[in-house]
Amino acid sequence: MKHPEPATRGSGKIPTHTGLLDRPLDFLVEDHLRECQICAVIDSLATTATLDRTHVLCVLRFLNEELNVHLRDEVEDLFPLLVARCLPEDAIENAITRVRVDHDEALRLLPDVRASLSTCLDTGSALSQEERKVLTRFAGHVRGHLVAENAILLPIARVRLTRADLRTLSRHMRSRRGLPERPETSDAE
Ligand SMILES: [Fe+2]
């Protein structure tokens, strides 16, 4: 049975539709659009004097429910599949190492970003200058990872990963989101 795709697909304004998990690389591209959208919201929080509570809630939901799962999709599944399938001339390990720098920095800053936004939401206080700088750095690292992945890793994955790899990726991404296995996982992608 086909899953209908959402009308707003491509906007990044809502979490990526799970109906896209049958095409895991497309799902990751869509997640990157979502991240791009959230980074713009974070930038606006970092530069606007008045705290927009709706924006803070939107970012906190993304941080708590989406970002970590996305990073695990890549670190635990996509990257190992790429390492297994790529040829030496792809220099994939160098590309992954570069992406991992942004991953790791974003994860290192994540607790501070989450704490700052939660405190502002609870107390109604404004973000300090230091907190604004951390938000900006965090958005930069999230943006850095998605640009490198869209430009390098995902195009190579489309060439090198087998259909069986894509089915495995899809299955693991579904499991990570608490979704049951599809009864018939025909060729993903
Ligand atoms: Fe990513």
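The exercises below, each with a worked solution, concern a predicted model of a protein chain with an iron ion.

**Exercise 1. Fold and confidence**

Determine how many helices and strands the protein chain has, and what its mean pLDDT is.

Solution. Begin with the secondary structure: the protein chain contains five helices and zero strands. Read along the sequence, these elements give the pattern α-α-α-α-α. Next, consider burial: of the 189 residues in the protein chain, 41% are buried. Finally, turn to confidence. The mean pLDDT of the chain is 90, and 90% of the residues reach 70 or more. Confidence is lowest in helix α3 (residues 92-123), where the mean is 94, and highest in helix α5 (residues 163-176), where it is 96. As a general caution, predicted coordinates should not be read in detail where pLDDT is low.

**Exercise 2. The iron site**

Identify the protein donors of the iron ion, and explain why their arrangement is irregular.

Solution. The first step is to list the donors. Three histidines contribute NE2 atoms: His-32, His-70 and His-145. The OE donors come from Glu-74, which is listed twice, and from Glu-149. These atoms lie 2.0 to 2.6 Å from the iron ion.

The second step is to examine the angles. For six octahedral donors, the ideal angles at a metal are 90 or 180 degrees. The six donor atoms around the iron ion subtend angles of 54 to 160°, and the arrangement is therefore irregular. The octahedral class requires angles between donors that are not opposite to lie between 65 and 115 degrees, so the value of 54° falls outside it.

The third step is to place the donors in the sequence. Their spacing along the chain is H-x37-H-x3-E-x70-H-x3-E. Distant parts of the chain are linked by the pair His-32, in helix α1, and His-145, in helix α4 (residues 129-160), which are 113 residues apart.

The last step concerns accessibility, for which buried means under 20% relative accessible area. His-32 is buried because its relative accessible area is 1%. At 2%, His-145 is likewise buried.

**Exercise 3. The second largest pocket**

Establish which helix supplies the largest share of the lining of the second largest pocket, and how the lining divides by class.

Solution. The second largest pocket holds about 270 Å³ of space. Among the 16 residues that line this pocket, Pro-15, Thr-16, Glu-65, Glu-66 and Arg-177 are the closest to its centre. Both α1 (24-47) and α2 (53-85) supply at least two lining residues. The largest share, eight residues, comes from α2. By class, the lining has seven charged, six nonpolar and three polar residues.

**Exercise 4. Contacts between distant sequence positions**

For Ile-42, Thr-50 and Ser-125, decide whether each is buried, partly exposed or exposed, and state its C-alpha distance to its partner.

Solution. Take Ile-42 first, which belongs to helix α1. Its relative accessible area is 2%, so Ile-42 is buried. Ile-42 and Thr-136 are 94 residues apart in sequence, with 7.2 Å between their C-alpha atoms.

Thr-50 lies in the loop between α1 and α2. Since its relative accessibility is 62%, Thr-50 counts as exposed. Its partner, Ala-126, is 76 residues away in sequence and 7.2 Å away in space, C-alpha to C-alpha.

Ser-125 sits in the loop between α3 and α4. With a relative accessible area of 31%, Ser-125 is partly exposed. Ser-125 and Leu-51 are separated by 74 residues in sequence and by 8.1 Å, C-alpha to C-alpha.

**Exercise 5. A backbone angle**

State where Ala-91 is found and what is notable about its phi.

Solution. Ala-91 is placed in the loop between α2 and α3. In general, most residues other than glycine have a negative phi. The phi of Ala-91, in contrast, is positive, near 50°. As for accessibility, Ala-91 is partly exposed, because its relative accessible area is 36%.

Technical notes: Residues numbered from 1 in each chain as written. Predicted model: local features only at pLDDT ≥ 70, side-chain atom pairs only at ≥ 80, totals over all residues. Heavy atoms only, no water. 1 Å grid on protein atoms, 1.4 Å probe; cavity = no way out; pocket = protein on both sides within 12 Å on 5 of 7 lines; lining within 4 Å. Points joined across faces, edges and corners; volume = space filled by probe spheres on them. Helix = DSSP H or I, 4+ residues; strand = E, 2+ residues; numbered from the N terminus. Nonpolar A, V, L, I, M, F, W, Y, C, P; charged D, E, K, R; others polar. pLDDT = per-residue confidence, 0-100. Donors = N, O, S within 2.8 Å, 3.2 Å for Na, K, Ca; no water. Tetrahedral: all angles 85-135°; square planar, octahedral: opposite > 155°, others 65-115°. Buried < 20%, exposed > 50% of the residue type's maximum accessible area, 1.4 Å probe, protein only.
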